[in-house]
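Here is a short report for a reader meeting this structure for the first time. Look over the sequence and the model, then read on.

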Amino acid sequence: MGDRPAPNLQRHISNAAPLRRGGGQRGSRNTKLMLVRQPPRGRETRPTEVDPVNLFAWSRLTSLSPRSCCEIFLISTNLGAMLRLPLLIYAVTLVLLSGAPAAESVRHLCFSRDNGVWIANLDGSGAHKIVTGNDPAISPDGARIAYTESGKGSVRYIAVIEVSSGKKMVFRNLPSDNAYGPVWSHDGQRILFNIFTENHWRLGLIGADGSGFQFVPAPPAVTQDLYSPAWADANSIFAQDMTNIYQIDLTGNTLAQWKISDALPNADMNSNDRIVRSEDGKSFLVDADLNEEGPIKSWEGPPPAVFLFDISIGKARRISPAKVYAWSPFWLNAKEYLFTGTTDGRHFGIYQVSSPGEKPQLVINNASAVTVSAQ
């Protein structure tokens with residue numbers, strides 16, 4: 001099966017509620033509570049006015065009783081204006097902060113471009129390069145990116161870089177110097193990937209800090225190499241051997257198995273294909289090669305398409321547009337997904353589709369292998 005051409009793009013084989021005025025006090029808004037302090041000898045007695053609104057605001061803010069707040073206010077008054085001002089500023093700041101809504105999370109796209117790892121806003125704006133590498137996968141919280149760092153020849157390592165600081169870790173402590181295709185667990189604590197050892201492609205698992213490496217064993221009945229690792233849940237994964245798609249636990253037990261020729265109509269899978277589980281866990285996106293001629297005559301090899309696999313029935317249906325070659329899908333939300341695509345075989349980019357049959361919208365040009373942060 002021929003590799004898909006990709007100019008300039010490399011695919012690897014392998015609130016608190018606001019305070020209410022009045023604080024429950026009866027009477028008009030201008031009602032004042034008059035307190036009289038015993039003045040020092042020789043000084044004129046002058047009442048100190050306390051606005052009930054301020055009094056009960058302080059009470060709510062500090063969880064003290066109104067009487068205690070009143071005593072504090074009188075003490076601060078006796079200290080003079082210069083000491084009252086910092087207290088006032090502090091109180092106002094706390095009130096504003098307690099009533100302010102939390103800042104919304106900002107999600108990002110992460111993608112490959114010209115052998116580099118790039119990041120951008122969801123609409124494609126603000127794109128900038130993070131590091132040289134391939135197969136990027138942004139962590140669920142958007143703080144880190146796992147990727148493949150290439151060395152000389154076939155040497156490839158899994159690496160993780162912090163987006164904000166640029167601090168990088170390269171996992172050179174693996175039992176092989178040929179590993180690629182990192183995939184984050186849903187909690188952002190572990191990374192799944194392909195690793196070549198003893199002349200076979202196997203599945204590896206490691207902590208996000210580079211600790212605790214382990215192999216994920218293939219089921220005993222599987223004699224072929226496994227590819228396309230993806231998280232099914234916290235304790236199991238999906239993978240495929242170009243004959244079957246499996247769900248296996250982390251000790252190699254088969255939980256489910258689907259024959260590709262039965263599950264994907266008129267399509268085959270290769271070692272580069274991607275599986276991405278839906279948020280509700282009832283389905284997953286998967287790309288595959290169609291067993292038919294496509295509209296782009298200059299394309300070498302079978303045309304790729306994106307399918308939606310229904311786990312309950314073990315069947316998939318094509319959801320990518322007929323005139324667009326589509327691969328490397330990733331969920332944007334419960335209804336929308338992204339994919340790498342081309343309409344002419346020469347220009348490539350990240351497209352967004354909201355529903356089956358809808359015309360895809362180009363999000364980022366000259367880009368591939370997109371992933372999206374959950375936050």
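## Strand pairing

Two strands pair if DSSP finds at least two bridges between them. Strand 24 and strand 25 meet that mark: they are antiparallel and share 5 bridges. T340 has I350 of strand 25 as its bridge partner. The hairpin of strand 24 and strand 25 has 6 residues between the strands. Among them is G345, with a positive phi near 80°.

Strand 25 also runs antiparallel to strand 26, and 4 bridges join the two. Here I350 is bridged to I364 of strand 26. How many residues of strand 25 are buried? The count is 5 of 5, so strand 25 is mostly covered, with buried meaning under 20% relative accessible area.

## The model as a whole

This model is predicted. The protein has 4 helices and 27 strands. Of its 375 residues, 46% are buried. The accessible surface comes to about 19,900 Å². Carbon and sulfur atoms account for 52% of that surface.

## Two nonpolar cores

The largest nonpolar core has 25 residues. Which of them touch the most other members? They are Y337, L338, F339 and I364. Several strands give two or more residues to this core. They include strand 3 (108-113), strand 4 (116-121), strand 21 (304-310) and strand 23 (325-331). Strand 24 (337-342), strand 25 (349-353), strand 26 (361-365) and strand 27 (368-372) belong to that list too.

A second, separate core holds 20 residues. Among them are A232, A263, A267 and A316.

I364 deserves its own look. Leaving aside neighbours within four places in sequence, I364 contacts L109, F111, R113, A120, G124, G349 and I350. I350 is also the bridge partner of I364.

## Aromatic pairs

The structure holds 15 aromatic pairs. One of them joins F284 and F309, whose ring centres are 4.4 Å apart. The planes of F284 and F309 lie at 5°, so this pair is stacked. F284 sits in strand 20 (residues 283-290) and F309 in strand 21, so the pair ties together parts that are 25 residues apart in sequence. F284 is buried, at a relative accessible area of 0%. F309 is buried as well, also at 0%.

Why does the pair of Y337 and F339 count as tilted? The planes of Y337 and F339 stand at 35°, and stacked needs under 30 degrees while edge-to-face needs over 60, so the pair is tilted. The ring centres of Y337 and F339 are 6.0 Å apart. Both residues are buried. Elsewhere, ring pairs link F238, W258, F284 and F309 into a cluster.

## Arginines over rings

Two arginines lie over ring faces. R113 lies over the face of W118, at 4.7 Å from the ring centre. R113 is also one of the contacts of I364. R202 lies over the face of F215, and the distance from the ring centre is 3.9 Å.

## A buried and an exposed residue

I237 is found in strand 15 (residues 236-240). Is I237 buried or exposed? I237 is buried, with a relative accessible area of 0%. Beyond its neighbours within four places in sequence, I237 contacts L192, L203, V216, A230, W231 and A232. Y246, Q247, I248 and L250 are also in contact with I237. G252 is 15 residues from I237 in sequence. In space, I237 and G252 are 9.7 Å apart, C-alpha to C-alpha.

A334 lies in the loop between strand 23 and strand 24. A334 has 61% relative accessibility and exposed means over 50%, so A334 counts as exposed. The C-alpha atoms of A334 and S354 are separated by 9.7 Å. Along the chain, A334 and S354 are 20 residues apart.

## Positive phi outside glycine

Where does D135 lie? D135 is in strand 6 (residues 134-138). Phi of D135 is positive, near 50°, in a residue other than glycine. At 17% relative accessibility, D135 counts as buried.

N266 lies in the loop between helix 4 (260-263) and strand 18 (267-268). Phi of N266 is near 55°, again a positive value in a residue other than glycine. N266 counts as partly exposed, at 38% relative accessibility.

How values were computed
Residues numbered from 1 in each chain as written. Predicted model: local features only at pLDDT ≥ 70, side-chain atom pairs only at ≥ 80, totals over all residues. Heavy atoms only, no water. Buried < 20%, exposed > 50% of the residue type's maximum accessible area, 1.4 Å probe, protein only. Areas by Shrake-Rupley, 256 points an atom, 1.4 Å probe, with all protein chains shown as cover. Core = buried A, V, L, I, M, F, W, Y, C linked by side-chain atoms within 4.5 Å. Contact = heavy atoms within 4.5 Å. Phe/Tyr/Trp six-rings, centres within 6.5 Å; stacked < 30°, edge-to-face > 60°. Lys NZ or Arg CZ within 6 Å of the ring centre and 35° of its normal.
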